Amino acid sequence: MTRTEYRWLLPSAMADPELPDDRVRTRRTVRDWAVDITAFLIAAGIGMLALGTIEADDTTADAVVFVDSIVGAVACCALWLRRRWPLGLAVALTLVSVVEPVAAGALLVALFSLAVHRPFKPVAIVGALALVLVPLQPFLRPDPTTSFLASVVFGVLLILLVISWGMAVRSRRQLVVSLRERARRAEAEAELRAEQAQRLAREAIAREMHDVLAHRLTLLSVHAGALEFRPDAPAAVVGRAAGVIRDSAHEALQDLREIIGVLRGPGDTDEAHRPQPTLATLDALVAESRLAGMKVAVDNRVTEPRGAPAATGRTVYRIAQEALTNARKHAPGTEVSLTVTGGPGDGLTVEVVNPAPTEPIERVPGSGQGLIGLTERATLAGGELEHGPTKDGGFAVRARLPWPAA
C-alpha cells in the first residue's frame, strides 16, 4: 500500500508535508472534514448550554438572548475559517467571548487550532490575552448558578488545557514529518551511494580493461601496420610479425575472458587460476616489446623480485606496461629506458623515460586516460606516481610504491 492510499486518514499538514504550516491549504482530507464537523458540533453544543443558562435567568431581556443566539451562531460558523486564519479568528473570538458567553466553545476550538497550526510565540501571546480577559466575562455577564472565583478558575483551566493539547498535537506532527523527511533523505543518500558504487565499479573495470588490452592491441596495430607498408618484406619477417599478431590476439582474448570472469563471479569462469602478472614477469613484458620492434634499455636492480608483494608487483607491471605502450604510440623508433630499483623496507621505484619523437606524431584520441588510471592504481597501492615531459622534449613516468620489510 502506498502513502497516497492512506492520505484521507491524515490531516492535510501531514498528507502534504512539503507545504509549510503558514501556507494556505485549500484541500481538506476526509479526516479534516470529520474533525471540522466534530469541532463545530462541540462549539455549538457548548454555546447551546450557555444560551440555556442565559434563558433560565429571568432578569435577561429577550433582545439580549436573541443577540446572544446570533453571535453564538456566527462564532460557530466562523470556525470553518480556522485553518485559513487561525490567528485572526482566535484573537476575534477572544475579544467577543468577553461579553458573549455563547462564544466560549468556539473560542476553545479556535485556541486549539492556533496551537496546532502556529508556532509558540503567537500562541503564547494570544493565550496570555485570553487568560487576562478570563475574569472580565463572569464580571460583565455573571452566571447566577456559579461563583465568580469558580468561573475564573474553570475558564483558566480550560484555556490552558486546550492550548497544551494543541501544542502537543503540533509537536507530534512535526516529529512525524521530520522522521518522514529523514527517511526520505536516507533513501536518497542510499541511492546516491549505490550510484557512486556503480560508477566506481565501472571506472575500475574500464581502467583494468585499458591497462590489460591497450598493450596487446598496440602490438597488433604496430605489426599489422608493418605488414601493410612492407608487402615486400622477407618471408621470415612476415612470419615473425604474423606470429606476434597471433600471440597478441590470443593474449588479448585471454585477458578479456579474465575480466569478464571477474564480472561474472569466481564460480562462472575457468580463468580464476590464471597466473597474474608480477614483478618477476617484467622481463617477459620487455621481451615482448622488443619482439614488437621497440628498443628498451632495462636497469633492474631489485634485490628479490619474486619476494615482492603480489599487489605491488602487479602494480609495477601495469605501470611499465602502460608506459611502454604510450612510448610505442607517441615516440615510435626511440629507445625507451626502464629502471626498477628497491627492495624490502626500501620500497619500489619504477621509472620509464622515452626521448622526444623523431617524427611528427598524430595525437591519439583519448590520450591521457591511461595515466589517470595509473595514478589511481598507484594511490590505491599506497604509493604515488608522477608523469610529465622532460627537458629534452621526451616523457617520463615515475612511481614509488611501498615494500614492507620482511
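Angles between helix axes under 35 degrees count as roughly parallel, over 145 as roughly antiparallel, 65 to 115 as roughly perpendicular and the rest as oblique. The structure is a predicted model, in which local features need pLDDT of at least 70 and side-chain atom pairs count only at pLDDT 80 or more, while totals for chains, interfaces and linings use all residues. Residues are numbered from 1 along each chain as its sequence is written, and side-chain values use heavy atoms, with hydrogens and water left out.

A good place to start is a pair of helices, where helices are DSSP runs of H or I with at least four residues, numbered from the N terminus. Helix 2 (residues 30-56) and helix 3 (residues 62-78) have axes that come within 10 Å and cross at roughly 170°; these axes are lines fitted to C-alpha atoms over the stretch in contact, and angles run from 0 to 180 degrees between N-to-C directions. The two helices are therefore roughly antiparallel to each other. Contact (heavy atoms within 4.5 Å) involves Phe40, Ala43, Ala44, Leu51, Ile54 and Glu55 of helix 2, meeting Val65, Asp68, Ser69, Cys76 and Cys77 of helix 3.

Helix 3 also has two sides worth a look. Val65, Asp68, Gly72, Ala75, Cys76 and Ala78 are buried there, buried meaning under 20% relative accessible area, exposed over 50% and partly exposed in between (1.4 Å probe, protein chains only). Viewed down the axis, the buried residues of helix 3 fall within an arc of 150°, so they line one face; the arc is that of the directions from the helix axis to the C-beta atoms. Turned away from this buried side are the exposed residues Asp62, Ala63, Phe66 and Val74. The cover over the buried residues of helix 3 includes helix 2, helix 4 (86-96) and helix 5 (104-117).
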